[in-house]
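I opened the file to look up a few local features and then the contact between chains. My notes follow in the order in which I took them.

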There are 2 protein chains.
Amino acid sequence: MSSIGPLEDDVTFAHIERAARRIAKHVHRTPVLESSSLTGLTHHTLVCFKCENLQKTGSFKIRGATNAVACEVERRAKETDSEEERRRPPLQFLTHSSGNHGQALAFAAKSHGYVAHVVVPDTAPGVKIRAMEHYGANVVFCRPTLADRMRTCDEVGQAHPGAVFVHPFDNPDVIAGQGTLGIEFMEQTNNELDAIIVPVGGGGLASGVAMAVKHLKPEIAVFAAEPEGADDTYRSFQQGARVLSHREGLPKSIADGLLTINSDRTFRMLKGTLHGVLRVSEDQIRHAMYLVYERCKLVIEPSAAVGVAAVLACPEALAPYKRVGIVICGGNVDISSISSLAKL
Amino acid sequence: MSSIGPLEDDVTFAHIERAARRIAKHVHRTPVLESSSLTGLTHHTLVCFKCENLQKTGSFKIRGATNAVACEVERRAKETDSEEERRRPPLQFLTHSSGNHGQALAFAAKSHGYVAHVVVPDTAPGVKIRAMEHYGANVVFCRPTLADRMRTCDEVGQAHPGAVFVHPFDNPDVIAGQGTLGIEFMEQTNNELDAIIVPVGGGGLASGVAMAVKHLKPEIAVFAAEPEGADDTYRSFQQGARVLSHREGLPKSIADGLLTINSDRTFRMLKGTLHGVLRVSEDQIRHAMYLVYERCKLVIEPSAAVGVAAVLACPEALAPYKRVGIVICGGNVDISSISSLAKL
């Protein structure tokens, strides 16, 4: 197992632009939809969604995974003259994920002709495991603890020495891939957005998108949105330094994609680009989910509802902005749980 | 109560073009979305959706209702010089509908500054009644029988002599409005579709869309899709003349928008334009609904799943066509019933 990419580097707009060209033919340019009924519930003149729930594999994660896979393939291609390279085992990919990153890496690897190994806690929902297997992944189960996850990852890496580990967010190629969403969002709205809201978990999406849109329009305000039950980014911003763990007894939220903590890299990038962090309660997340199903007719996962909840729950913070864009990060949710998650 | 429009006329492409200009600023130009995962389940090179679930009021019905309201307002404006006109009671609108047409007429009337009276069976779901009231409608309840519905309509018409009745589908202005969807669908796909599938109930949508797309591309094949449990259009085509009722014990289908029977006008228009009628079972409708939620991340109502079910259930009929477009007619469904309607 080797590490991927120049891990010491932060991501620049040039990285994101290259990623956009690299992944263009592998991912959807997802639509931006205006919701007149949601706009009507706010004091903004426009509330619109960048619909990554309609993205391949059902979330934005395919952008970063595709860029990471393609970058590694490019690096290998440049090295083919060396003796060392000719002795290398065949390229494969490896990650740990109970969710969207695992599906995305499986899909990205397969679409480039490679296999991905995905370490998955044995408590993960069947629907996600089936999706990974459908994309050709080698799914390896572990117990649902961090220690067992890392141990299993090491074992898989040792058994497959050509396997390149792709971190879900603490990886410049992944962050640059997620940032491509920001370029599209600005193009599709003619650079007219005044504020953008991005859900934040590990920070790969938020840091990449913030980097992209602030480059294209320095005066835009970028807000991260976070569940109260997993508010590490909020607390990090309050104290001016990255917190390393959740508060006691946390994280707790139905927004299962947002329970991780920023890395040094993503927090550093966010510090330089974010206008603020908006926190929302579980009830606000459930109600936002309900509204998006009922009024906007889109299937979204709870993590995606966090951004929508923020535009409704934080009118003071957003009062100065006329046109607000929300990143709908994904739509991977069990149909059978929709009725219990979304609440009037 | 007076009747609206030149009821004796069928609808031409010129009507539909005028309707498109008339309603443009009142309705959404809904997106066309390609589903790579659904395409992968068929032998076609492209399967795409015209997403009227993302339309204002959650269905295509707003197109026809808006055109009907706007046409009547235009007619009145032309007549303002006459003595008779000055003595007329103020313009209002009236219809009977337990579903999407009622919401649409309420919204269309309100957006032009008028009120709509909607006669609704007292068994209609609360969510639909709330939506009509939200759009400013005067909701009048009746018992859920055809006789009581007509009697109540007459009473409301007599109580409000300025009220113009707008039939849900047997009305040229309504049909022309629904046809505007066909013009958009062809423009958004660069005229490249080889076949289009449209769900059929009363036939207002199917006849309008078929008229529009056959004019723009005469070689395109238009199929109506229908539940087996409400297959009047299929039987009418089989016997070459319009059937006047459902088979004994029918209609029965979860596709509650497709239980009505073609009118003389819509059947005549369909006879001249349809390539065929595709029938699907209730299981096929439920499975299509599941797939669209799970893979395409769109909230659709059962009637909209009928077209999707047809592309999966009728591969022989559709074998000659590479690029197939499906009209997703609406997304108005109770969130609490999604889990019980959509089936793996």
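I began with helix 11 of chain A, residues 264–271, where I find A:Arg265, A:Thr266, A:Phe267, A:Met269 and A:Leu270 buried. I then looked up what these buried residues pack against: helix 8 (172–188), helix 9 (204–216) and helix 10 (232–239) of chain A. I note here that the model is predicted.

**Cis peptides**

I looked at the loop between helix 10 and helix 11 of chain A, which holds A:Pro251. The peptide bond leading from A:Leu250 into A:Pro251 is cis, with omega near 5°. In chain B, I find B:Pro251 in the loop between helix 10 and helix 11. The bond from B:Leu250 to B:Pro251 is cis, and its omega is near 5°.

**Aromatic pairs**

I searched the whole structure and got 8 aromatic pairs over all chains. I wrote down two of them.

How are the rings of B:Phe107 and B:Tyr135 arranged? Their centres are 5.1 Å apart and their planes are at 90°, so I entered the pair as edge-to-face. The two residues are 28 apart in the chain: B:Phe107 belongs to helix 5 (residues 100–111), while B:Tyr135 is in the loop between helix 6 (126–134) and strand 6 (138–142) of chain B. B:Phe107 is partly exposed, with a relative accessible area of 22%. B:Tyr135 is buried, at 16%.

I took B:Phe237 and B:Phe267 next; their ring centres are 5.6 Å apart and their planes are at 85°, so this pair is also entered as edge-to-face. This pair joins helix 10 (residues 232–239) to helix 11 (residues 264–271) of chain B, across 30 residues of sequence. B:Phe237 has 26% relative accessibility and counts as partly exposed, whereas B:Phe267 has 5% and counts as buried.

**A:His101**

I located A:His101 in helix 5 (residues 100–111) of chain A. Is A:His101 buried or exposed? Its relative accessibility is 3%, so I list A:His101 as buried, the cut-off being under 20%. A polar atom of its side chain lies 3.1 Å from the backbone oxygen of A:Val166. Setting aside neighbours within four places in sequence, I find A:His101 in contact with A:Lys61, A:Thr95, A:Val166, A:His167 and A:Pro168.

**Positive phi**

I checked for positive phi outside glycine and noted A:Thr57, at about 65°. A:Thr57 is in the loop between strand 3 (46–51) and helix 3 (61–78) of chain A, and is buried with a relative accessible area of 7%. In chain B I noted B:Lys297, with phi near 60°. B:Lys297 is in the loop between helix 12 (282–296) and helix 13 (302–313) of chain B; its relative accessible area is 4%, so I list B:Lys297 as buried.

**Contact of chains A and B**

I looked up the interface last. Chain A gives 22 residues to the contact and chain B gives 22. Between them the chains bury about 2000 Å², with 64% of it on carbon and sulfur atoms. On the side of chain A, A:Lys297, A:Val299 and A:Ile335 supply 34% of the area buried against chain B, more than any other three residues.

How many salt bridges cross the interface of chain A and chain B? I found 0 salt bridges, but 9 residue pairs in polar contact, both residues at pLDDT 80 or more. Helix 12 (282–296) and helix 15 (335–341) are the elements of chain A that give two or more residues to its side of the contact. By class, I entered that side as 11 nonpolar, 8 polar and 3 charged residues.

Note on methods. Residues are numbered from 1 along each chain as its sequence is written. Chains are lettered from A and ligands numbered from 1 in the order in which they are written. This is a predicted model: local features need pLDDT of at least 70, side-chain atom pairs count only at pLDDT 80 or more; totals for chains, interfaces and linings use all residues. Side-chain values use heavy atoms; hydrogens and water are left out. Contact means heavy atoms within 4.5 Å. Buried area is the accessible area (1.4 Å probe) that two parts lose on being put together, summed over both. A salt bridge is a side-chain nitrogen of Lys or Arg within 4 Å of a carboxyl oxygen of Asp or Glu. A polar contact is a pair of N or O atoms within 3.5 Å; within protein, one must be able to donate a hydrogen and the other to accept it, and residues adjacent in sequence count only if both atoms are side-chain atoms. Helices (H or I, at least four residues) and strands (E, at least two) are DSSP runs, numbered from the N terminus. Ala, Val, Leu, Ile, Met, Phe, Trp, Tyr, Cys and Pro count as nonpolar, Asp, Glu, Lys and Arg as charged, and the others, Gly among them, as polar. Rings of Phe, Tyr and Trp (its six-membered ring) pair if their centres lie within 6.5 Å; planes under 30 degrees apart count as stacked, over 60 as edge-to-face and the rest as tilted. Buried means under 20% relative accessible area, exposed over 50%, partly exposed in between (1.4 Å probe, protein chains only).
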